[in-house]
Amino acid sequence: MLPGRGRYGGDDHEGRTTRAPGSGTAGRAKLRLGRVAGTRTAWTAVGDGEFFCPGCGGDRNYQRLTGRRRFTLAGVPLVPRGETGPVVECAACRRRYGTDALDHPTTTRFSAMLRDAVHTVALAVLAAGAPCAPSSLTTAAGAVRSAGFDDCTVDQLGALVEALAADTGRMLGAPCGAGLAIELHEALDPLAPHLAPGGRESILLQGARIALADGPYTPAERDALATVGAALTLDADEVARLLQAAARTPS
């Protein structure tokens, strides 16, 4: 094929001039219409706050927006086309997300949830194994401090376990009662969906190490750890496997 005689925009073999599709009158009319007519969305801020931005990968301020769509002609809004949104717009990167982005906790909130979860698990296991051995209290205090309660002491945990027993009226060392099970679920249920499998297993294993610090699991400790596993959405077989693995691991 000679230069300049491609399929479109050149001459055919009989010398007639050919045109690319859409380059005729109809194509030009569509192009002009596309430039002057369209749909425009007017956004209105209806709230703000802080969220974890998926695009930035960190905590950012946001605006919650709702929009009204209108058909426009030559840039002039004419006919309403309904509402859209709401959406969440990051104040930093200006990207917009569905409101389900607000379901993800901020980094600060996530740290607090994790800290409270470890503290609640430690108290549940200590109460199940009470009277608390010094080794169990020491292990529990270390886990709680690592989670973010820097000033947690053995004496504080011991006093909390006794106060827990007095408040609920349950016997120390008894199986996990309804009140304590509710507390575990309240602390762990909101956290579990945001943890990777390894993170959920880690919380259960921290509880297991506290229980094993003074010897083999008691029935009450197993019951408390089973409740922890269920709240972390770990199935019963996985909980049993993890507890066995922890028991075989030298402390």
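Let me start with Gly55, which sits in the loop between β1 (37-53) and β2 (58-73). Before going on, note that this is a predicted model.

Is Gly55 buried, exposed or partly exposed? Its relative accessible area is 34%, so Gly55 counts as partly exposed, since buried would need a value under 20% and exposed one over 50%. Setting aside neighbours within four places in sequence, Gly55 makes contact with Arg95 and Tyr97. There is also a distance to report here: Gly55 and Ala92 are 37 residues apart along the chain, and their C-alpha atoms are separated by 9.7 Å.

Now the chain as a whole. How many helices and strands does the protein chain have? There are 8 helices and 4 strands. In sequence order, the pattern runs α-β-β-β-β-α-α-α-α-α-α-α. The chain has 251 residues, and 32% of them count as buried. The accessible surface of the protein chain is about 14600 Å², and carbon and sulfur atoms account for 53% of that surface. As for contacts between residues at least 6 apart in sequence, 59% join residues that are at least 24 apart.

Next, the internal space. With 30 Å³ as the lower limit, the structure holds 1 cavity. The volume of the largest cavity is about 40 Å³. Which elements give two or more residues to its lining? They are α2 (107-129) and α6 (197-212). The largest share, 3 residues, comes from α2.

For those following along in the viewer, the lining consists of Val125, Leu126, Gly129, Ala130, Cys132, Ala133, Ser136, Ile210, Ala211, Asp214 and Glu221. Sorted by class, that lining has 7 nonpolar, 2 polar and 2 charged residues. On the general principle, rolling a probe the size of a water molecule over the atoms shows where empty space is left.

The last stop is Thr227, in helix α7, which covers residues 219-231. Why does Thr227 count as buried? Its relative accessible area is 14%, and the cut-off for buried is under 20%, so Thr227 falls in that class. The Thr227 side chain has a polar contact as well: it reaches the backbone oxygen of Asp223 at 3.1 Å.

To put the two residues side by side: Gly55, in the loop between β1 and β2, is partly exposed, whereas Thr227, in helix α7, is buried.

Note on methods. Residues are numbered from 1 along each chain as its sequence is written. This is a predicted model: local features need pLDDT of at least 70, side-chain atom pairs count only at pLDDT 80 or more; totals for chains, interfaces and linings use all residues. Side-chain values use heavy atoms; hydrogens and water are left out. Buried means under 20% relative accessible area, exposed over 50%, partly exposed in between (1.4 Å probe, protein chains only). A polar contact is a pair of N or O atoms within 3.5 Å; within protein, one must be able to donate a hydrogen and the other to accept it, and residues adjacent in sequence count only if both atoms are side-chain atoms. Contact means heavy atoms within 4.5 Å. Accessible areas come from the Shrake-Rupley method with a 1.4 Å probe; for residues, only the protein chains shown count as cover. On a 1 Å grid over the protein atoms alone, a cavity is a set of points where a 1.4 Å probe fits but cannot get out, and a pocket is an open set with protein on both sides within 12 Å along at least five of seven lines; lining residues have an atom within 4 Å of a point. Grid points are joined across faces, edges and corners, and a volume is the space filled by probe spheres set on the points. Ala, Val, Leu, Ile, Met, Phe, Trp, Tyr, Cys and Pro count as nonpolar, Asp, Glu, Lys and Arg as charged, and the others, Gly among them, as polar.
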